[in-house]
Structure formats: structure tokens, C-alpha cells
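Reader: I want to go through the aromatic rings here. Please keep the answers short.

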Amino acid sequence: MEFFQVEENQLIFRYDGECLMLSPWGNNSLRVRSSMLSEIQEDNLALHLPENFSGDQVKIELVDERHATITNGKISAELFVQEWGNALQISYKNQKGQLLLREISNGGALARKARHFRSLPGGNFRLKVTFESDPEEKIYGMGQYQQEKLNLKGCNLELAHRNSQVSIPFYTSSLGYGFLWHKAAIGEVHFGANTTEWVAEECKQMDYWITAGDSPAEIQETYADCTGKTPMMPEYGLGFWQCKLRYYNEDQVLQVAREYKKRNIPLDVLVIDYYHWPRCGDWRFDPEYFPNPKDMVRQLQEMGIQTMVSVWPQVDWRSENFEEMKQQGLLVKQTAGVDAQMIFHGNNVFMDATNPRTREYVWQKCKENYADKGIRLFWLDEAEPEFTGYDFHMYRYCAGPVAEVGNIYPREYSRLFYEGQQSMGQKDVVNLVRCAWVGSQKYGALVWSGDIWSSYEDFRKQICAGIHMGLSGIPWWTTDIGGFHGGNVNDPDFVELLIRWFQFGTFCPVMRLHGLRMPGETIVNQAGEEREWTGADNEIWSYGQEAYEIMKKYIGIREKMRDYSRQLMKEAHEKGSPVMRALFYEFPEDKECWNIMDEYMYGPDLLVAPVCYEKKRERQVYLPANNLWVNATTGETYEGGKTYRVEAPLDVIPIFLKKDCQENLIYSI
């Protein structure tokens, strides 16, 4: 019986309706696809072959009737056809012969299936793929989940997007490999102690990618080679961004900008939030509140400030564009019931970002009403998209059922604007977006962590989220400094939280102040209609003199770091390196670094230890081994490989510099 065959550097297994193919895909990497009762489909949803990959290191050996191997550089796959039921089991090893990952066996009489296809009406399958689990393994990445966990071993994760949840199914293992679940289907993954299970609720075939590397950096760079790299961050991404919910008219926008200039405080970007439009789906300024947007943008540019505007993918039934978009088939389709996919200031449906015709239509509206008026930065909110109830099986995109392809939506949303801006000749594209998927980075996506609560618990969760996002291939990431919900400007405890968060934000890839601050103010238009309200003032002078002086100080520190931050953005652009890095990314040989979840590296030389507990004026800091570290505040030198208790008065965030780091980082913090 002939189970294996070789075709053009690919190893193929066939048995009982299954066709499984292992292909070399980038340096030290394999792509694994399996289909049931059909041939393998060439569906490069997010993966592409790197231009510099030749495949010269690929070796395939048919050992005997039941054994075969394929080797690509540092990774090998060993295929074994088990005697009971002729079930195939695949093991992955590195160049030293060490086991990285292995599918479960069929268990003899248990008749388990490592790759289980269950037929669905219409011809698709529900797929479950199961691997053995090493209980000592540590797992990092997978996007952004709102939890205080760095090591994801033992976690159950939904493979779906929600407001503040970003599912990017790629992880780096402490065993020395990276794994991408190359499916955009709604599903789940269970990193159990006994098995790891991946589930796609609906799909046509199995598809995953695995790479071996001697360091987390090598794994990350190979992943970026195969999924895309971020553009070079423009200069205005390196400084301070001011935002609030919401500046609702031109006068507010210009007054805030002028006040920053008057106080001589550097401001790179000023953000105009949502409902500056008449109806969702109009994609234009409301002339009642923004009568001269082109002149407003010009004045801001003359002050050296870029303007960012919020865009939503919702289309209100009352929008001036709704009927045309519905007639042209440019909207997400609901499979049953009344087509109201989100209810907020009216009944809304979502434009279908997976449809090329929709992308062209929406961009032309945004070009005419924003870009042609000087807007170069867009805030792509609601990018999951935020279906009311998140009942994913109820909706269908041009690209297919949401259950099968739903997780690509935020990437295609970013793509809409990136390609539109490029068509105008804009090179320095960076757009703020609330969600992402594999490959979003190459479309200039700056992901922020969504509508999180203003609490210390949520603050701590963002540290983990930022580290995981960097390890998921998204170098550009940020938060609402101070959190989005629940911050009262008159509450001293919130002001202290805001200061601590502001310090953390200084050492994030992008530094952006935002939030819905209480108490708010009701807005009523000339027609007597209540519009979206505006929160309390959220500028750095809005919280008292002490807070003002501290926040002004940290904007100054951010300015001093421009040269260093620019170098980190260059590394992200050229190699796919995270800007915000887990300690183990820089110090993989130090075992303790794999356990630290409340410290991180801002680039290779600067260790950040946020104060993220209420009313604390000191904290413990672990410094990685085999290095000398300088306290940036005191100038004291510390030996690595130890934990220290460090003072942290309200105006200080503990920062440590590698002793041999660049001179331009040696300044007082």
C-alpha cells in the first residue's frame, strides 16, 4: 500500500479520502494542509512565500511504506502510519532531534483522530486538530485577551474578535518553535495539560504553519517574512497624541491645539472621535459642528499637528448611502431576521470590508470628505466588527460565512484605507484600529486595546496584552491612557491611576491619551435631536497642577527618546521585531524572564517596570542576568539576575538601562 508520494518538494499522504500535504514554506518552516474528499486548495489567506526562500535545504525521505520525513533547515516532520486503522501521526523536531510538537496517536482501540473532519450541511466541515501537550511548555502570543496571564498554557481561548479582544492565532513556544493556525474561522483553542486542541467551526481544509528557531527573535522574524512587515512608522507616530470622547466641534479642536502650542508642549496628533458625522455611514463631517474642516486641518498642520478622524464601518438605515449600498450588495448580509446588526443611535448594518467593491466605494467617500481636505490619519473603530450579541453564525461576508472567514474582517478594513491612501501617493500610512488579524501589520495597522475599564486590574491586563500583541506580529500597539470607561476627573484616585498609566504610555509603541471622562455633557443639535455626548476635559492640564507637571515631564521624556524610538520602528519595519518586548525576547537564556508579566523591554536596551497597583510608591523589579543595569532615575548600577525593591514616588516609573546601551538613553527619568 503506497501512503506517501513526493511532488515538487512537497510530501503528500493519502488514505481513506484524506489528502495531506507538507510544504516547505520559508526558512526552517513547514506548511501543513489536509483536505477531505478533495484536493488541496491554494488558499494563501495570510501566508506568502518569502522572496529570498529557495528551498535548497529541503530533504524528503520515504523511509518505508509507513514512514516518511521532510526536513527544511532547522525543522523536520516525521510521518508515521499507525498499524491500527492506518491513522497518520506527525511529529515535529528541531535540528538537534528534540521534539517540538506531535499530533496525538489514534490510541489503538480508542480510534482517536488527530485531524477530525465533521461534515456540515453545504459541504464544509467542522474541524478539530489535536496535539500532545508538554506540561512544561510555555506559550505566548495569540493576540490580545483581557486577562492577567503571560504564559497561556492551560488557557482556553475563543478564536473570534470582540471589543478589546483580538484573535491572532500565532504563538511562540518556549520549546523553540512558532505555530500559526492559518484559519480565519470562528473557533477555539485549548492549551490543555494533556492535549492542545484547535477547532474551526466551519472550513474547507486544515491549514497550519510551524517554524523552528534558536531564539524567540529568530522565530518572530521568520513569521514576519511569511506574513508581512509593518511600514516604517512616520515621524508623527513617535510623539504624543491627544484625544478624548469627544471633541464635537471645530472650536474645541482648535482651542486644544492652540493651548498645547501656547504651553510649548509637543503634540504630534490631535484626534477627532466618532459622531462628528450626521449618520453612521455618511463618512463626512457634520456641517453644523464642522463647517470648515479643510481650514481646520490646515490650521492644525501649520501648528505642526496632524489630524486623525474616526471612521466607523456601520451604515445607519437613515444614512444617505444606505439604499445605494444595499442595492449594490456592499453590506454584510444577515442570514435570518431583521437586518439590524448593531443598534446604537439607530439601526445599523456593517459595510462588507471583504468585498473589493465595498472597499472602493467607501474609500471614495472618505477620500472626497476627508483625505481631499488634508486628513492623513484614520481611526478605524468598531473593527471586529462589533455585532450586537456576537452571534457569528448569523452573518455572511462576500468572502464567505462569518463562521468560516469572519476573523479577516479587521485586516480587510485596514487594507481598505491603506490601499486607498497609497493610491493617493501617501507613503507614511498609520491608522489606528480596534482589531487585527494575521497580516494586519502590513496595512499600517496601529492596534489599540479597545474600550477597557479605568482600573488597576485593567491596567495590568494591558501590559500582558501589549507583550502578546508584539509576539503575534503586531509591532504597533497602544492603549487608551487612563482606560476608556469609568474615569471621573474629580476623583483623586482616578487621577493617580491616570498618572501611572501615562508613565506606562510613554514607553508604548504609540503614546495616546484618550477616554470617556466623567461627568459628561449632553449635546443637542439645532433640530432638537440629542447627539452623542461629550466627556469631561481630558487634556494634561485638566487634572490639577501636580498631575500636569508629571505628565508634561513624561511628554518631554518621550521627545528625548525620538531617536531611539525611530530605531525600534526601523527594526519593526525591516525585521518584524516587536517594539514592546517580553523580557525573554531579549534574554531567552534567563529562565526567570519567561515568567515576568509586569515588566517588559522597550526595545533591546530599556527595561520598563510600571507601577500598576493602587497607592504604591515602590515595587519589586527583576533585572535579567548577565548584565549590569542602571537605574535611570538615580544613576545607581545593579547586578542582573536578582530582584530588587525599588522606590517609585508618584512622578517616577522604574526604568533601567543596560549598562552598555546607547549614550542617548542615559538621561534622568
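Reader: Over the ring of which residue does the charged end of Arg 31 sit?
Author: This is a predicted model. A charge counts as over a ring when CZ of Arg is within 6 Å of the ring centre and within 35 degrees of the ring normal. The charged end of Arg 31 is placed 4.6 Å from the centre of its partner ring. That ring belongs to Trp 25.

Reader: How far is Arg 512 from the ring centre of Trp 448?
Author: Arg 512 lies over the face of Trp 448. The distance to the ring centre is 5.4 Å.

Reader: How many aromatic pairs are there?
Author: Ring centres must lie within 6.5 Å to pair. By this rule, the count of aromatic pairs is 56.

Reader: Is the pair of Phe 3 and Tyr 15 stacked, tilted or edge-to-face?
Author: The centres of Phe 3 and Tyr 15 are 5.8 Å apart, with 55° between the planes. Planes under 30 degrees apart count as stacked and those over 60 as edge-to-face. The pair of Phe 3 and Tyr 15 is therefore neither of these, by the cut-offs. Its class is tilted.

Reader: How many residues apart are they in the chain?
Author: Phe 3 is in the segment before strand S1, and Tyr 15 is in strand S2. The pair links distant parts of the chain, with a separation of twelve residues.

Reader: Why does Phe 3 count as buried?
Author: Buried means under 20% relative accessible area. Phe 3 counts as buried because its relative accessibility is 3%.

Definitions and conventions:
Residues numbered from 1 in each chain as written. Predicted model: local features only at pLDDT ≥ 70, side-chain atom pairs only at ≥ 80, totals over all residues. Heavy atoms only, no water. Phe/Tyr/Trp six-rings, centres within 6.5 Å; stacked < 30°, edge-to-face > 60°. Helix = DSSP H or I, 4+ residues; strand = E, 2+ residues; numbered from the N terminus. Buried < 20%, exposed > 50% of the residue type's maximum accessible area, 1.4 Å probe, protein only.
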